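Reader: Hello! I would like to take a close look at one part of this protein, and I would be glad of a guided tour.

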Amino acid sequence: MALLHRPGRPAPTGHPRRLARTAAALAATLALLPPLVAAGGASAQEVPAADVDVHVNTQAALGRLSDTARGVNAAVWDSHMNDPEVAALMKTADVGAMRYPGGSYADIYHWETHTAPGGYVAPGTGFDAFMGTVRATGAQPILIANYGSGTPEEAAGWVRYANVTKNYGAKYWEIGNEIYGNGHYGSGWEHDDHADKSPREYARQVRAYAAAMKAVDPTVKIGAVLTAPGNWPDGITGEGDPGDWNHTVLSQVTDVIDFVTVHWYAGGSDTSADTAMSRLTRLPGELREVRAQIDRYAGADSPRIGIALTEVNTNTGGAQLTARPNGLFAADAFMTALENGVFNVDWWNTHNGPGAITTVDGETDYGDMGMLASGSCTGDVCQPAPNTPFHPYYGMKMTGELGTAGDTMVAAASSAQDLSAHAVHRRDGRLSVLLINKNPDAARTVDLAYAGFSPSAAAPEVSRYARGDSDITDVTDSGASASRVTVPPYGMIAVTLTSKSGTGPGASAAGIPGTPRLEAVTDTTARLSWAGTTGAARYLVQERDSAHTYLVGETTGTSVTLRNLPPGSTHTVNVLAADSAGRLAAPSDPLTFTTGTPADAACTVDYHRDTSWGNGFVATVSVRNLSDTPITGWTVDWDWPTDGQSVSSGWNATFHQSGRHVRVTAPENAGPLAPDGTSTASFGFVGANDGPNPDPTVFRLNGAVCAGG
């Protein structure tokens, strides 16, 4: 986050299957799972015909909401940072984290003197004043230690003051803000006094900071800065570096850090919040890639390292920042990130300052990245009084209608691109569903169906935030039912249902199993284990495909080996415990894993990214034939892991892409591939990626699966 009004920095311009499922397994699934339910008492009012289907599956857990799930940024240049109204508003919205001292200011800010040479520090924004707001909110601080102009000793002194002298119990400490923006890759906005601005030096310093800070308080959690995959400078290897920022840093720090931080601004050439909402589809893939990178370097220790999305907004300046569509984006972004493995999401910013004035959806948009008005003006157009909430505040607050810390996020899938669905299964057995209609012109009528949950006949509780609402509004008497809800245009509806008596996890004598661990994986098998639970007669392993689940393993023990898996395939599984009567408890948190390639394959393929520039790359592929007979007229096939990847042009072969599938054919004058690996066929291409750019997981030579090179 850069200074005051924008986090940003201009990004450089671009440079040139599933588990095998038998009929028996499917039959077992149908026998064990409660039927898909589209239930609820008939409404007294006539409800329009449905045009969207939403399926909610409470047996597909996406993880638990943490006590720091919803967060906001606070900045020392913000004179309204500690207004009493701020704490009241944030407490009402169930904000659990407040990040300080403010984006890029962190790398010029000295906590002890409360100064930021080269920047402005507002009166009354010192650390103790900030902690007063944090405590009044009931939140936790996320503190950014000064990397750019500070030292490990200065950071350790801050830990000592916060946690020993003042007993604040500050747990989360980031080392610097967006340090990859220090000029090492050409574009610079982040202050960094280190002579060596490389990721290797940052990693070395992270180790020094962690040692100094944990020597004072061993319980603190240390966070290292990463760049979001698919966003500049991801993929760029600086001069003299062994790899790009993320790979270089992670290769050196996973044993001393407790979490990583990434920032995500939807961006794009069109800065509208409507476009940003469509770009949210990229975020899950980017977060999966962050986890894959942590997995690569931390191995079995990877689950210990969390991911925090400590800055998020639609863009780094421009229109539609305080308007209604950005409120929809805020709700969708918070839940999308939390459902995809992060423990904390922090909106940029609490107050920020006005920018360009536009009109959006009939309202004035102040071009302000804050959730609350600062009361300042652009020309003769002035904001409302300080701390008046903008629409993004209500978007965040709306996610609080879903649940609180310890509740379980579960899978929800919508049949319409312009209607998002999120669901939380609460600890008391209730189910809450949030529906976000991103269509500005038309209401959407939604048919709700459930797996693993049977709603009672009681009318659901219903909350709404839509045009004409000045706050989240109770509309329980609006005619919505457990099976059908109408969501206004550019509006949000939260529905909370009670379960039918004697159904659901509360009726089971079994508890919740531990999160499954991957003990071993090959090209076709995966051995999983988990901590057992009381009251369990047997355990079911279910794979998730969107909001649907399939039984793939069953055991009376606490481990299972899944077999007949496709090579290079990715799977997400939960474990459920069944009691002696067959009643299922709530599912474990999920595990995602990817199978490998066969060690005894008759071919090898080496895929190497030669260079990258955020939204494009150059790759070289080398193929060897390990069989005992030559191969003439070869083809190489692979599938891209994400939709945004493609081949733009290539050489030494003919390329064809259909959807995610790529087929490469030998050139007409190519000789045979000699047996026993004695010759190599190589080809290269320029690729493009719109979002994350993970490597393909499996290659086939003339249809046969190859080993990695």
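Reader: Which residues line the second largest cavity?

Author: Happy to walk you through that part. Please keep in mind that this is a predicted model. The protein chain has an average pLDDT of 91, and 92% of the residues score at least 70. Residues 1-45 are another matter, as pLDDT stays under 50 there. Where pLDDT is low, the predicted coordinates should not be read in detail.

Now to your cavity. Its lining is made up of Asp-234, Gly-235, Arg-609, Ser-612, Gly-614, Gly-616, Phe-617, Asn-689 and Asn-693. The volume of this second largest cavity is about 40 Å³. Two strands, S29 (603-612) and S30 (616-625), each give at least two residues to the lining. By residue class, the lining of the second largest cavity holds six polar residues, two charged and one nonpolar. Glycine is counted as polar here, so Gly-235, Gly-614 and Gly-616 from the lining belong to the polar group. Phe-617 is the nonpolar one, while Asp-234 and Arg-609 are the charged pair of entries.

It helps to set this beside the largest cavity, which has a volume of about 60 Å³. Its lining includes Tyr-109, Trp-111, Trp-158 and Tyr-209. Strand S4 (140-145) and helix H4 (152-165) are the elements that give two or more residues to that lining, and H4 has the largest share, with three. The lining of the largest cavity divides into eight nonpolar residues, two polar and one charged. So you have a mostly nonpolar lining there, because Ala, Ile, Trp and Tyr count as nonpolar.

Since you may also care about charged side chains, here is a little on the salt bridges, of which the model has 26. One of them joins Arg-444 to Asp-51, with the closest N and O atoms 3.2 Å apart. Arg-444 sits in strand S17 (residues 444-451) and Asp-51 in the loop between helix H1 (23-32) and strand S1 (52-64), so this pair ties together parts 393 residues apart in sequence. Arg-444 is buried, at 12% relative accessible area, whereas Asp-51 is partly exposed, at 41%.

Strand S17 also holds Asp-447, whose side chain meets that of Arg-484 in a salt bridge at 2.8 Å, N to O. Both partners count as partly exposed, Asp-447 at 25% relative accessibility and Arg-484 at 23%. Finally, Lys-214, Asp-258, Asp-301 and Arg-304 are linked in a network of salt bridges.

How values were computed: Residues are numbered from 1 along each chain as its sequence is written. This is a predicted model: local features need pLDDT of at least 70, side-chain atom pairs count only at pLDDT 80 or more; totals for chains, interfaces and linings use all residues. Side-chain values use heavy atoms; hydrogens and water are left out. pLDDT is the predictor's confidence in each residue, from 0 to 100. Contact means heavy atoms within 4.5 Å. A salt bridge is a side-chain nitrogen of Lys or Arg within 4 Å of a carboxyl oxygen of Asp or Glu. Helices (H or I, at least four residues) and strands (E, at least two) are DSSP runs, numbered from the N terminus. Buried means under 20% relative accessible area, exposed over 50%, partly exposed in between (1.4 Å probe, protein chains only). On a 1 Å grid over the protein atoms alone, a cavity is a set of points where a 1.4 Å probe fits but cannot get out, and a pocket is an open set with protein on both sides within 12 Å along at least five of seven lines; lining residues have an atom within 4 Å of a point. Grid points are joined across faces, edges and corners, and a volume is the space filled by probe spheres set on the points.
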